[in-house]
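I sat down with a new structure today and kept notes as I went. Here is what I had on screen.

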Amino acid sequence: MTPRTSWSPGSSPATPRGSRVQASRVVARYLREARSYGDPKVYLEAMARVLNLYRNDYEKIPLMRQGIRWMNENPEMVYPPPGDKLFEVVKELRRYGQGMYAVSLPRMYARMHEAGGGKVFLALLQQLSFTDKRLRKRIEKGGEFYGRTRVQKPKSDQGLDVFQKTFEQYEAQLKTIQEAIAKGVPHGAEGGEATKLPAGPFTVVNTGGFSDEDMETAVKLVTKATALLKQHGYGKVCYGDIYLRNTVGPPRWAAFYSTDKDEMFIRGNLKRKFDSALHTIIHELGHRYEYRFLKGNVTRDLYRAIDRQTEMSEEKLPWPKSGERVMQKGVVFEVVTTEYTGRSVQVKLKMTDGSPGVYKVPLQGYHQLTGKRNPAGKFVSQYARKDQHENFAEMVAHHCLGTLPQEQVDLLEAII
Ligand SMILES: [Zn+2]
């Protein structure tokens, strides 16, 4: 089971749902699992075609606004005189309001996602290097934007505004992709001669003109990771080149392991993040251990065992009573009822400021807000709860760093 936190009645319209952290995790998983990300140019063309389907609607917005203004200024009239340029627009507004614009947004997102939005930014990051940091940031933002499965429909009376903003955002994304294709340099062609340093059984390769200090930090990290891995029974993963790169994936990633090519990358400039980088490097080599040295479904079974413990602990979560209150992003909600629906326990909530509407959340989601539910469950970290692979890699990292509970050490040692 994967924790879901996408429920967020307080979020702004047309913004993809879910937290930033989750988005980059999604990107992480995607990068790891996808074999080929395809050609960014093909995606760009397909996305431009989709956007063009909405261009007429976009260009009509100023006229729609004039129509709305006319309606406000002429409350006693139904339509402008026939022949007036606003006649058709007001007719349309009387019939549908701005709702049409609001309604089309989730579909538009789905189409853009489908056409390539869900892949193109990741393809760019994987295939090309960027020296322009701001451009790179924009590409990462694009990847984050499409990391979600859908967007919410805005309120009808905000339809025009949100539609306009969103359309322009899509246009900016297309420009970013275009620019990235033009300016990106294929990996491996970044120039300069690669220097190498041994780090125990590994070789650290400087691919991008890193300083001696950066190389030294990398060697220290890898040496330390090697010692810890060997001590805890994972010595088999210590071999091969480790490439030092400016970036290895989405922002803040310290390391990345490619299951396709069995290659390890780490970011330069990790001196001040030594401990967290050490964790990440061991975590990534944990993936190598699983993919190269474990057979069958052992990590799945391991995950299921901990998941079951988690479910049992969550069955004891209390059912909130009617009238109980909880806060989410500054909005206070009140419990209407808590019911078992035949499949799960659902809590119905309403806002206390008199806003209409009732929200339904699973009991676990409710206690995520009250703080009674540990988002990690019985897993060693919240990220470990994501799936069998992340769980295994997290367990290996915590095992090596001495922070894995004995109970889980036993589970792990039974399979390695
Ligand atoms: Zn991982």
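My entries below go from the whole chain down to single residues.

**Entry 1: the whole chain.** I noted at the start that this is a predicted model. I looked up the length and the secondary structure. The protein chain has 416 residues, of which 35% are buried. Its secondary structure adds up to 14 helices and eleven strands. I also checked how far along the chain the contacts reach. Taking contacts with a separation of 6 or more, 65% are between residues 24 or more positions apart.

**Entry 2: the largest core.** Which residues touch the most other members of the largest nonpolar core? I found Val222, Ala225, Ile266, Ile281, Ile282 and Val396, in a core of 42 residues. Then I listed the elements that give two or more residues to this core: the strands β4 (202-206), β5 (240-245), β6 (255-258) and β7 (263-267), along with the helices α9 (212-231), α10, α11 (298-315) and α13 (388-400). Two domains share the core, since at least three residues come from each of domain 2 (195-293) and domain 3 (298-313 + 378-413). I jotted down a reminder that nonpolar side chains tend to be buried together in soluble globular proteins.

I picked out valine 396 for a closer look. Setting aside neighbours within four places in sequence, valine 396 is in contact with Tyr234, Ile282, His283, Gly286 and Tyr289. Another core lies apart from the largest one; this other core has 32 residues, including Ile139, Leu160, Phe163 and Phe167.

**Entry 3: threonine 280.** Next I went to helix α10 (residues 274-293), where threonine 280 lies. Is threonine 280 buried or exposed? I counted it as buried, because it has 25 C-beta neighbours inside 10 Å and the cut-off for buried is 20 or more. Not counting residues up to four places away in sequence, threonine 280 touches Ala254 and Ala255. I looked up one distance as well: the C-alpha atoms of threonine 280 and alanine 254 are 6.5 Å apart, though the two are 26 residues apart along the chain.

**Entry 4: α11 against α13.** How do the axes of α11 and α13 cross? They come within 9 Å and cross at roughly 85 degrees, so α11 is roughly perpendicular to α13. On the α11 side I wrote down Thr299, Arg300, Leu302, Tyr303 and Ile306, and on the α13 side Gln388, His389, Asn391 and Phe392. By class, the contact has four nonpolar, four polar and one charged residues.

I stayed with arginine 300, which is in helix α11. Arginine 300 counts as partly exposed, with 14 C-beta neighbours inside 10 Å. Its C-alpha atom is separated by 9.1 Å from that of phenylalanine 392, and the two are 92 residues apart along the chain.

**Entry 5: positive phi in loops.** Last, I went through some backbone angles. Aspartate 262 has a phi near 55 degrees, a positive value in a residue other than glycine. I found aspartate 262 in the loop between β6 and β7. Aspartate 262 is exposed, because 12 other C-beta atoms lie within 10 Å and the exposed class takes in 12 or fewer.

Lysine 329 is not a glycine either, yet its phi is positive, about 50 degrees. Where does lysine 329 sit? Its place is in the loop between β8 (325-328) and β9 (331-340). I noted lysine 329 as exposed, with 9 other C-beta atoms within 10 Å.

Technical notes. Residues numbered from 1 in each chain as written. Predicted model: local features only at pLDDT ≥ 70, side-chain atom pairs only at ≥ 80, totals over all residues. Helix = DSSP H or I, 4+ residues; strand = E, 2+ residues; numbered from the N terminus. Contact = placed C-beta atoms within 7 Å. Core = buried A, V, L, I, M, F, W, Y, C linked by C-beta atoms within 7 Å. Domains from an automatic or database assignment. Axes fitted to C-alpha atoms, helices over the stretch in contact; angles between N-to-C directions. Parallel < 35°, antiparallel > 145°, perpendicular 65-115°, else oblique. Nonpolar A, V, L, I, M, F, W, Y, C, P; charged D, E, K, R; others polar.
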